[in-house]
Amino acid sequence: MKLAHVPLRAAIGAFVLNSGLSKRNLEGEAAQGMHAMATGAIPQLRQVPPEKFAKLLSYSEIALGAALLVPFVPSTLVGLGLAAFGAGLVQLYLKTPGMREPGGVRPTQQGTPLAKDTWLVGAGLTLVLDDLTHRKLTR
């Protein structure tokens, strides 16, 4: 891992890890609410029961956060994971009614917390591109 990747990976990794840890014990209405929002954007998730979905999301966030924090996981790999995770959240933003101003992509006040997840996509792609271009230059 490049030294320049440490601040980005540490900040995002700690945030994502904490988010995953906080979802470990979601049950009942909390799991159902999270599941309902996700199925609005990705209808295929209706096949997964709400509590199982919450557990899978929790474990995924824990794994991604931990991978970002440990230095021996290549930046290309964690960058791809982060970009994919962020893209799922951006899809949630784009497909959930009321998150965007009519006729555009600008967020409503309610949509701002989801719209900010575009940064995760950008950070993930930055890790991937920086790692790949650094490898090309050193060959």
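Here is a friendly conversation between a visitor and a guide about the predicted model shown above.

Visitor: What kind of model is this, and how are residues numbered?

Guide: This is a predicted model, in which local features need pLDDT of at least 70 and side-chain atom pairs count only at pLDDT 80 or more, while totals for chains, interfaces and linings use all residues. Side-chain values use heavy atoms, with hydrogens and water left out, and residues are numbered along each chain as its sequence is written, from 1.

Visitor: How many helices and strands does the chain have?

Guide: Helices (DSSP runs of H or I, at least four residues) and strands (runs of E, at least two) are numbered from the N terminus. Read along the sequence, the pattern is α-α-α-α-α-α. The count is therefore six helices and zero strands.

Visitor: What share of the residues in the chain is buried?

Guide: Buried means under 20% relative accessible area, exposed means over 50%, and partly exposed lies in between, using a 1.4 Å probe and protein chains only. The chain has 139 residues, and its C-alpha atoms fill a box of roughly 50 × 35 × 25 Å along the principal axes. Of those residues, the buried share is 37%.

Visitor: Among contacts between residues at least 6 apart in sequence, what share joins residues at least 24 apart?

Guide: Contact means heavy atoms within 4.5 Å. Counting the contacts in the chain between residues at least 6 apart in sequence, the share that joins residues at least 24 apart is 64%.

Visitor: How far apart are the end C-alpha atoms of α1?

Guide: The expected span of a helix is 1.5 Å times one less than its number of residues. Because α1 has 17 residues, it should span 24 Å. The end C-alpha atoms agree with this, at a separation of 24 Å.

Visitor: Where on α1 do its buried residues lie?

Guide: The buried residues of α1 are R9, I12, G13, V16, S19 and G20. Seen down the axis, they fall within an arc of 130°, where the arc is that of the directions from the helix axis to the C-beta atoms. On the other side of α1, P7, A11, F15, N18 and S22 are exposed. The buried residues therefore line one face of the helix.

Visitor: Why do residues three or four places apart point the same way in an α-helix?

Guide: It comes down to how the helix turns. Residues three or four places apart point the same way because an α-helix has this many residues a turn: 3.6.

Visitor: Which helices do the buried residues of α2 pack against?

Guide: In α2, A31, H35, A38, T39 and A41 are buried. They cover an arc of only 150° around the axis, so they sit on the same side of α2. The helices they pack against are α3 (50-69) and α4 (75-95).

Visitor: Which residues lie nearest the centre of the largest pocket?

Guide: On a 1 Å grid over the protein atoms alone, a pocket is an open set of points where a 1.4 Å probe fits, with protein on both sides within 12 Å along at least five of seven lines, and lining residues have an atom within 4 Å of a point. The largest pocket is lined by 25 residues, and α1, α2, α3, α4 and α5 each supply at least two of them. Those nearest its centre are L57, E61, F85, L89 and L92.

Visitor: Is L92 buried or exposed?

Guide: L92 is found in helix α4, where it touches M37, A38, A41 and L114, not counting residues up to four places away in sequence. Because its relative accessibility is 13%, L92 counts as buried.

Visitor: Which residues is V78 in contact with, beyond its neighbours within four places in sequence?

Guide: V78 is also found in α4, and its 2% relative accessibility means that it counts as buried. Leaving aside those neighbours, its contacts are R9, L64, A67, L68, V73 and L127.

Visitor: How far is the C-alpha atom of A66 from that of A14?

Guide: A66 is in helix α3 and is partly exposed, with a relative accessible area of 31%. A66 and A14 are 52 residues apart along the chain, yet their C-alpha atoms are separated by 7.9 Å.
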